[in-house]
There are 2 protein chains.
Amino acid sequence: MRNIVFAFSRRALLAALLGTALCNLGSALAQTPTDMLPSWNDGASKRAIVEFVGSVTQQSGPDFVPPAERIAVFDNDGTLWAEHPIYFQLAFVLDRVKALAPQHPEWMNNQPFKAALEGDMKTLAEAGDNGLLELVMASHAGMTTNEFEKIVKDWLASARHPTFKRPYTELAYQPMIELLTYLRANGFKTFIVSGGGIEFMRTFSEQVYGVPPEQVVGSSIKTKFEMRDGKPILFRLPQVNFIDDKDGKPVGINQYIGRRPIAAFGNSDGDLEMLQWTTMTGGGPRFGLIVHHTDAAREFAYDRNTSFGRLDKALDAAAVNNWTVVDMKNDWKHIFTFE
Amino acid sequence: MRNIVFAFSRRALLAALLGTALCNLGSALAQTPTDMLPSWNDGASKRAIVEFVGSVTQQSGPDFVPPAERIAVFDNDGTLWAEHPIYFQLAFVLDRVKALAPQHPEWMNNQPFKAALEGDMKTLAEAGDNGLLELVMASHAGMTTNEFEKIVKDWLASARHPTFKRPYTELAYQPMIELLTYLRANGFKTFIVSGGGIEFMRTFSEQVYGVPPEQVVGSSIKTKFEMRDGKPILFRLPQVNFIDDKDGKPVGINQYIGRRPIAAFGNSDGDLEMLQWTTMTGGGPRFGLIVHHTDAAREFAYDRNTSFGRLDKALDAAAVNNWTVVDMKNDWKHIFTFE
């Protein structure tokens, strides 16, 4: 492969080297300011983050990690944006079922559709995972990938969070957006690894988090390639393809990213295996962090007893494994950008 | 989200802007030399490539494409490296079955293992896809992901191509390596999208092609997360997860990359749907290219009649869709780096 280098003209080589050197200068300058995390209060959590990033980026240090291996993975619901009173994608499902109801008069007599249309959350909860799956398929399948993208974007533009009365995308956490930016400025490649729908998240991940579609890992349904009127399309089928949650997260990380992350950020038991896979390797520096929802005044307070984002086993594991636990109330100066 | 910008210090902002400006300068210089493709003879194929890249990178031009959307997808077998006399991963399968045979005395009496051990290619061919699948599972499953990576790397280090008597990784095409480098220098993100095994390719894709593991899409088997002796592992199961070939390629592109490529490079009917998905969109500039194996002296000559890399329907489609067809004999000055 060495021949490739010699095949370049000297001018191209010089330009390439110069470009790299200047880019490095840019990123070296970008590393310096510690106020890239202005929404974080000074304290143990912020200190742990800055120390970890400092150690893996110090070229002469014992914990140096080459940029290509600086992979950081982030859960979405409850880690990058809020997840109460219900997962935002579940709100999308319920709104979508309502929007489609006129074409499905039979839904008024069939569960779980009847409960969804009546907002009967108790019956919905009783319908369990299978009931939920029926609603997901009714709202997520049966259209092309392009059509689905438009449906989600239109919903995000018009739907409002029931408590905050704002678009759901404004419920992203300002400190976590700063953290994503800070990691990228230090050579990290940031990925979302979430139980949420991959095509749902990709409609806003770049705009809200700066994470491009190809760095989003999530749950998915199957799609089918077809030529329709001479144009190629992908049609969304009502069949589960992959569930990117719990022990599915390390599987998804390996399948999509193909290397082990050095840092993982989550908030619930759904992130336990991802944190284990990332940090319990025995080799090299690793960082695990859990966002603990402790602020009933500015956001929501919950952990071991909730249907959305239960944090129980992973909270116990954090103490054993030395993962950083963020206390939202005390560690975060601001929670949302609009504060 | 606008608040983020104001949250930065002015110094950080200046550094970030300066860094970007300098990086752009570097890449603008890198775009200039047309001799980034020195192994390509001057002719229609090279001209089509350079014109396409020129058009999508010209900021003021009508065909400008922002860097984030400059996604290019490459098939591997027969497009980036050779695939005759048999797919290289099939050579790995056969070698691996031989290496494991002492632990499986029953294989000497069972097909397709007997044929594999005796090098009886006729019986192997008759065993068809199901027979092949049995061999693949016997050689690819039943170990952790880390163990499999080591097995493949050891094999690549020791195995030799039967005709060229060189490591398989040296059978990568020099003109295509230059093309990958040229596209990346022009802001493209290059992906492999191949029917080959994703974890097989990831062991060499970065070193040979400069394509990191997270930009490799391929076929896969299922894996299972487990804690073993207090350490998390992923165990490889003998179950097909995804076949990234033919109409599976657009599905894989959507699943892994999540945006439509603007350029696709293939060599066989297995790439037809990927080329259709990439180029037949009706919007914006698109580029499709097929590598046609026409050089019996320096490599191999085959198209419509071969078991490995059949090019039939896609060759007809190339004429209709205005895809560039590379004539290896006449378009390529060198084929391999060792020439």
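These legends describe close-up views of a predicted model.

**View 1. Chain A as a whole.**
Chain A holds 14 helices and eight strands. It has 339 residues, and 56% of them count as buried. Contacts across the sequence are common here: among those in chain A with a separation of 6 or more, 66% join residues 24 or more positions apart. The chain exposes about 14300 Å². Carbon and sulfur atoms supply 53% of that area.

**View 2. Y209 in the largest nonpolar core.**
The largest nonpolar core has 191 residues. Which of them touch the most other members? They are Y209(A) and Y209(B). The contacts of Y209(A), leaving aside neighbours within four places in sequence, begin with N76(A), L80(A) and W81(A). A172(A), I177(A), L180(A) and R184(A) are also in contact with Y209(A). I192(A) and F204(A) complete the list.

**View 3. A cluster of rings in chain A.**
Ring pairs join nine named residues into a cluster: W81(A), F88(A), F92(A), F148(A), W155(A), Y168(A), F200(A), F204(A) and Y209(A). Y209(A), shown in the view before, is thus one of the cluster members. F204(A) and W81(A) belong to the cluster, and both are in contact with Y209(A).

**View 4. An edge-to-face pair, F92(A) and F148(A).**
Over all chains, the count comes to 47 aromatic pairs. One of them is formed by F92(A) and F148(A), and it is edge-to-face. The ring centres are 6.1 Å apart, with 80 degrees between the planes. F92(A) lies in helix α4 (residues 88-100) of chain A and F148(A) in helix α7 (residues 145-158), so the pair ties together parts that are 56 residues apart in sequence. Are these two rings buried or exposed? F92(A) counts as buried because its relative accessibility is 1%. F148(A) counts as buried too, at 0%.

**View 5. A tilted pair, F265(B) and F287(B).**
F265(B) and F287(B) form a tilted aromatic pair. Their centres are 5.9 Å apart, and the planes meet at 50 degrees. The pair links distant parts of the chain, 22 residues apart. F265(B) is in strand β5 (residues 263-266) of chain B, and F287(B) is in strand β6 (residues 287-294) of chain B. Buried means under 20% relative accessible area. F265(B) is at 2% relative accessibility, so it counts as buried. F287(B) is at 7%, so it is buried as well.

**View 6. F287(A) and its surroundings.**
F287(A) is found in strand β6 (residues 287-294) of chain A. It counts as buried because its relative accessibility is 8%. Its C-alpha atom is separated by 4.5 Å from that of A263(A), although the two are 24 residues apart along the chain. Beyond neighbours within four places in sequence, F287(A) is in contact with A48(A), I49(A) and F52(A). I262(A), A263(A), A264(A) and F265(A) are further contacts of F287(A). So are T278(A), T279(A) and T324(A).

**View 7. Charges over rings in chain B.**
The charged end of R166(B) sits over the ring of F338(B), 4.0 Å from its centre. R260(B) lies over the face of W277(B). Here the distance to the ring centre is 3.7 Å.

**View 8. Helix α8 of chain B.**
Helix α8 spans residues 174-185 of chain B. Its twelve residues reach 17 Å from first C-alpha to last, close to the 16 Å expected. How many of the twelve residues are buried? Eleven are, and the helix is mostly covered. Among the buried residues are Q174(B), P175(B), M176(B), Y182(B) and A185(B). Just after the helix, G187(B) takes a positive phi of about 85 degrees.

**View 9. Cis peptide bonds before P112.**
A cis peptide bond joins Q111(A) and P112(A), with omega about 0 degrees. P112(A) is in the loop between α4 and α5 (113-118) of chain A. In chain B, the bond from Q111(B) to P112(B) is cis, with omega near 5 degrees. P112(B) is found in the loop between α4 (88-100) and α5 (113-118) of chain B.

**View 10. Positive phi at D229(A) and N322(B).**
D229(A) is not a glycine, yet has a positive phi of about 50 degrees. It lies in the loop between β3 (216-228) and β4 (231-242) of chain A. D229(A) is exposed, with a relative accessible area of 76%. N322(B), also a residue other than glycine, has a positive phi near 65 degrees. The loop that holds N322(B) runs between α13 (313-321) and β8 (324-327) of chain B. N322(B) counts as exposed at 70% relative accessibility.

Terms used: Residues are numbered from 1 along each chain as its sequence is written. Chains are lettered from A and ligands numbered from 1 in the order in which they are written. This is a predicted model: local features need pLDDT of at least 70, side-chain atom pairs count only at pLDDT 80 or more; totals for chains, interfaces and linings use all residues. Side-chain values use heavy atoms; hydrogens and water are left out. Helices (H or I, at least four residues) and strands (E, at least two) are DSSP runs, numbered from the N terminus. The expected span of a helix is 1.5 Å times one less than its number of residues. Buried means under 20% relative accessible area, exposed over 50%, partly exposed in between (1.4 Å probe, protein chains only). A nonpolar core is a set of buried Ala, Val, Leu, Ile, Met, Phe, Trp, Tyr and Cys residues joined through side-chain atoms within 4.5 Å. Contact means heavy atoms within 4.5 Å. Accessible areas come from the Shrake-Rupley method with a 1.4 Å probe; for residues, only the protein chains shown count as cover. Rings of Phe, Tyr and Trp (its six-membered ring) pair if their centres lie within 6.5 Å; planes under 30 degrees apart count as stacked, over 60 as edge-to-face and the rest as tilted. A charge sits over a ring if NZ of Lys or CZ of Arg is within 6 Å of the ring centre and within 35 degrees of the ring normal.
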